[in-house]
Amino acid sequence: MSRNEASVKNSWRETGNRPFMKLVEKSESNDLSEIINSSGNEKIWKKCLEPKEKKVLICADERVVSKENEFKIGSAGQLILASPEEQDRFLDNWQGKISVVRSHSNCGAAGIAYSIFTDEEKEELKKKAIDEGLNTDDEIFKKEKISDSDWLGIYHSYLLAKKLDAKYEHTNFPGMRGRKEYHDARAIFFCANPDFDPSILAEDFLPPHFLANSLALGVREDYCREELKTLTLIALGSHGFGELFTAKNPFYVISVGNDKNQVLDLNKLAKDVLENYQNRIRFLFYA
Ligand SMILES: [Zn+2]
């Protein structure tokens, strides 16, 4: 989909004015807890750690955030790219702990997963989803034409929800934030603490951001590395703000862990994964 460059510049300006951006720009430290505490923002930041009624597994995409009383667990395409073994491990650890699995339209991860299907399998997807009991009479499926790759995302998420004993939902615009034409993420939270959800601050304090919780979902480290790289390269590339990210205006990769030791290890891992792009990234950490 073509994008309007004036709209991109506008979003860049607007997202750059968020309080978080100003705080981080002013500080020399890369320790986010130090930046937050020394600027008197502990109270607002604590909201990321407040438990909520419902844990919702949603895409890491910055355009899908949690709603009121929800807590986002973010993973590209709701683990659509994880191996069957990893998905089983996730199910073992998370059974009964997730209330909703929610797919979304325009999902890049579903697109990647779809591209490796055979034509025959592609033909079968929608039918399979319906055979498995997905109710496509629902209003949401009539609002827009759902792309074939999104049908794969829907099918995957629907089955995962069933296995988790969770509710299945799908969302599309205007239920999503941001734009169809480009990603306006300015940061990624690379997060091993599943009790931390920055979504709640996404509209005012924080800039739009990816949230990748895969480190806490039982997948391989290789998978987490690949996910971090793929998402970061979306932001740095032609589907994101791209060349607007520079050494002076970097993309933020924020490692979040349960304690200082863990988070310093994650920060090191993130730097290693994104070694070739370090001149346009600033690495922060929070525990
Ligand atoms: Zn997605």
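**Exercise 1. Decide whether helix α8 is enclosed by the rest of the structure or not, and then describe its length and its end.**

Solution. Of the 17 residues of α8, 14 are buried, so this helix is largely enclosed by the rest of the structure; buried here means under 20% relative accessible area, exposed means over 50%, and partly exposed lies in between, with a 1.4 Å probe and protein chains only. The model is a predicted one, in which local features need pLDDT of at least 70 and side-chain atom pairs count only at pLDDT 80 or more, while totals for chains, interfaces and linings use all residues. Residues are numbered from 1 along each chain as its sequence is written, and side-chain values use heavy atoms, with hydrogens and water left out.

Next comes the length: α8 covers residues 148-164 and reaches 25 Å from its first C-alpha to its last, close to the 24 Å expected at 1.5 Å a residue, where the expected span is 1.5 Å times one less than the number of residues. Helices (H or I, at least four residues) and strands (E, at least two) are DSSP runs, numbered from the N terminus.

Last comes the end of the helix: just after α8, aspartate 165 takes a positive phi of about 65 degrees, although this residue is other than glycine. Aspartate 165 belongs to the loop between α8 and β4, and with a relative accessible area of 66% it is exposed.

**Exercise 2. Describe how α7 and α8 cross, and state which residues make the contact.**

Solution. Begin with the axes, which are lines fitted to C-alpha atoms, for helices over the stretch in contact, with angles running from 0 to 180 degrees between N-to-C directions. Those of α7 (residues 119-131) and α8 come within 9 Å and cross at roughly 35 degrees. Then list the residues: Leu125, Lys126, Lys128 and Ala129 of α7 meet Trp151, Leu152, Tyr155 and Tyr158 of α8, contact being heavy atoms within 4.5 Å.

**Exercise 3. Find which protein atoms hold the zinc ion, and where Cys59 and Cys107 lie along the chain.**

Solution. The donors, taken as N, O and S atoms within 2.8 Å of the metal (3.2 Å for Na, K and Ca), may look incomplete at a site, since water is not among the atoms. For the zinc ion, the protein donors are Cys59 (SG), His104 (NE2) and Cys107 (SG), which lie 2.0 to 2.3 Å from it, and their spacing in sequence is C-x44-H-x2-C. Cysteine 59 sits in the loop between β1 (54-58) and β2 (70-74), and cysteine 107 in the loop between β3 (100-104) and α6 (108-115), so the pair ties together parts that are 48 residues apart in sequence. Cysteine 59 is buried at 5% relative accessible area, and cysteine 107 is likewise buried at 7%.

**Exercise 4. Is phenylalanine 210 buried or exposed, and which residues does it touch?**

Solution. First place phenylalanine 210, which is found in strand β6 (residues 209-212). With 1% relative accessibility, phenylalanine 210 counts as buried. Setting aside residues up to four places away in sequence, the residues that phenylalanine 210 touches include Ala60, Asp61, Glu62, His183, Leu231 and Phe251.

**Exercise 5. Describe the peptide bond from phenylalanine 173 to proline 174, and say where proline 174 lies.**

Solution. This peptide bond is cis, with omega near 5 degrees, and proline 174 has its place in the loop between β4 (167-171) and β5 (187-191).
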